[in-house]
Amino acid sequence: MMGSIVSLCKRRGFVFQASDIYGGINGFWDYGPLGVVLKNNIRNLWWHDMVECPPLDKKGNPLRILGLDSSIIQHPSVWEASGHTSSFSDPMVDCKATKIRYRADQLVVYVSKNIWNNGCNIGVITGEKAFAFFEEEEEKVVSSKIKKLCRKNVEDFHRVLFMDIDLSFYKNIVAPDTTEVGTLTAPKAFNLMFETRVGAVVDEKSVAYLRPETAQGIFVNFKNVLDSTKAKIPFGIAQIGKAFRNEVSPRNFIFRSREFEQMELEWFCHKGEAEVWQEFWLEQRLSWWKNLGLDASRINIRRHEQEELAHYARGGGGTRDIEYKFPFSGEGFSELEGIAHRCDYDLAQHQRVSGVRQEYADQAIGAKFIPHVIEPSSGLTRAVLAVLCNAYTEDEAHPSGFFMNFRPQIAPVNVAVLPLQLHEGIGRLAREIFHELRKKYIVTYEDKQSIGKRYAKNDEIGTPYCVTIDFDSLQNMDVTIRDRNTMKQERIGMAYLSERLRGLLW
Ligand code: ATP
């Protein structure tokens, strides 16, 4: 199914491989004419729901959330204070034969059950092959590679995390992209920040980084926003923007890319209220994802184990992930959004490194303190992928065998106006309707190709409604509205069309 979605994205202009004509560049993607609209629609929905019309608190008052658009390149000290320079890294392993680099925490190893069941320390067994795969790899793929290389079935193997494997066993492992044993190196930390240079003089002082998250731009502006708006705690600062990570193994289409977009809220509150706010935001964000159109049955909430918590989230209420079952998620789910209790870590660090006080003066209790932070942090480009995967609906009855079931509010095209025949009178009337509707909705006008092909194309790009104008329209001043999902057609007077569409679309 992932293959069909990727090829649809290219064919219809949602997403292209970046630098396609040069063979592409791994981990970078371009959003085509439909993709950019879909992405903007999701971005606008988030901005609307978080900044323009934020949720209400328990007393029914709107929360205060202020917007920000901070620079991608910040002073390098920002990343020292945040901990990214020293510890924003992934454990990676290299394959000496193919020179391919893998994230060690995403590899699993299939170890022969003979070894496992004997209760042996797998580190000391020699002469038996084991096979490394990506964690999310489908069993079919795993099975066929194992079979090809050793005539055994996947059921004869036990699955172990690569990170749990004893170093001395590496000489028996066949890496994912080779057939030889023993080509993998031990894991090494690999910093994920992209380095660049600022200014004409190249020396160590000119080193700067492309931001690996938008959050720090918010923290370093905490005082500016506070002083300029006189906001009172609890309040939030929200930002949407690009982030860059030199991911060791970008994969699964746009799911893990090296350049992507994040939608982040930093919610500043009293320490004692942080846990309640974390629950509040978890609930809010969950309903936001459902409102985006994702099936509730494909969404999961996962609490981070203590040992996997980021340095800033230890000691607080921890982190909860909202996950989605993508076609490549196998039995499990993959992260869409993390809702972390970052404690006072970031502001305290910036206060320490910059020497500028980051405290909030609470008039009501007459005290100064560094607020705690709840951070709902999600990926915009990941949201685009989830929406694409969720929308893809196979149905033999549809002319293309499938349709994209986007919620009308985020569909890249709301309405297609289709004159049935190439006829002057029909064309004139259809264009009139088009000009009227385009003031309110995203509308296309299409008069080439057979009506069947035009319906098929609009099913493929997820246009919820097609308005068709025919000879009868000239007589009766009425048109047909075709529903993308049911393919049912409704005849309606032209005078009621716009109103009817409003009801259907919003
Ligand atoms: P992962 O464990 O998948 O690397 P993470 O836990 O490091 O992700 P965060 O740092 O919490 O991710 O980033 C917040 C959000 O940003 C994620 O939930 C995800 O939606 C998005 N995101 C992170 N890395 C990427 C990426 N490489 N490509 C696309 N989106 C990403």
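**Notebook: ligand site, core and backbone oddities**

I began at the ligand and found one of its nitrogen atoms 2.8 Å from a polar backbone atom of Ser-257. I note here that the model is predicted.

I then looked for side-chain partners. Arg-245 places a polar side-chain atom 2.9 Å from a ligand oxygen atom. Arg-382 does so toward a ligand nitrogen atom, at 3.5 Å. That value sits at the cut-off, since a polar contact is a pair of N or O atoms within 3.5 Å.

I checked cover next. The ligand taken alone exposes 590 Å². The protein buries 83% of that area.

I listed the shell. It holds 15 residues around the ligand. The closest are Glu-247, Arg-256, Ser-257, Glu-335 and Leu-336. So Ser-257 appears both in this closest group and, through its backbone, in the pair I started from, by the 3.5 Å cut-off.

Which classes make up the shell around the ligand? I counted 7 charged, 5 polar and 3 nonpolar residues.

I also asked which strands each supply at least two residues of the shell. They are β14 (259-269), β17 (334-343) and β20 (372-379). I noted that Glu-335 and Leu-336, from the closest group, fall within the residue range of β17.

I moved on to the largest nonpolar core. It has 58 residues. Which of them touch the most other members? Ile-42 and Trp-281 do. Helix α11 (residues 380-391) gives the most to this core, with 9 residues. The residue range of α11 also takes in Arg-382, whose side chain I had met at the ligand.

I looked at how the core sits across domains. At least three of its residues come from domain 1 (2-68 + 213-391), and at least three from domain 3 (406-505). I set the general rule beside this: nonpolar side chains in soluble globular proteins tend to be buried together.

I closed with the backbone. Where is Pro-234? I found Pro-234 in the loop between α8 (222-229) and β13 (235-244). The peptide bond leading from Ile-233 into Pro-234 is cis, with omega near 5°.

I then picked out positive phi values in residues other than glycine. Asn-252 has phi near 55°. Asn-252 lies in the loop between β13 and β14; β14 is one of the strands I had listed for the shell. Gln-449 is not a glycine either, and its phi is positive at about 65°. I placed Gln-449 in the loop between β24 (443-445) and α13 (451-461).

Conventions:
Residues numbered from 1 in each chain as written. Predicted model: local features only at pLDDT ≥ 70, side-chain atom pairs only at ≥ 80, totals over all residues. Heavy atoms only, no water. Near = heavy atom within 4 Å. Polar contact = N/O pair within 3.5 Å; in protein donor to acceptor, adjacent residues only side chain to side chain. Areas by Shrake-Rupley, 256 points an atom, 1.4 Å probe, with all protein chains shown as cover. Helix = DSSP H or I, 4+ residues; strand = E, 2+ residues; numbered from the N terminus. Nonpolar A, V, L, I, M, F, W, Y, C, P; charged D, E, K, R; others polar. Core = buried A, V, L, I, M, F, W, Y, C linked by side-chain atoms within 4.5 Å. Buried < 20%, exposed > 50% of the residue type's maximum accessible area, 1.4 Å probe, protein only. Domains from an automatic or database assignment.
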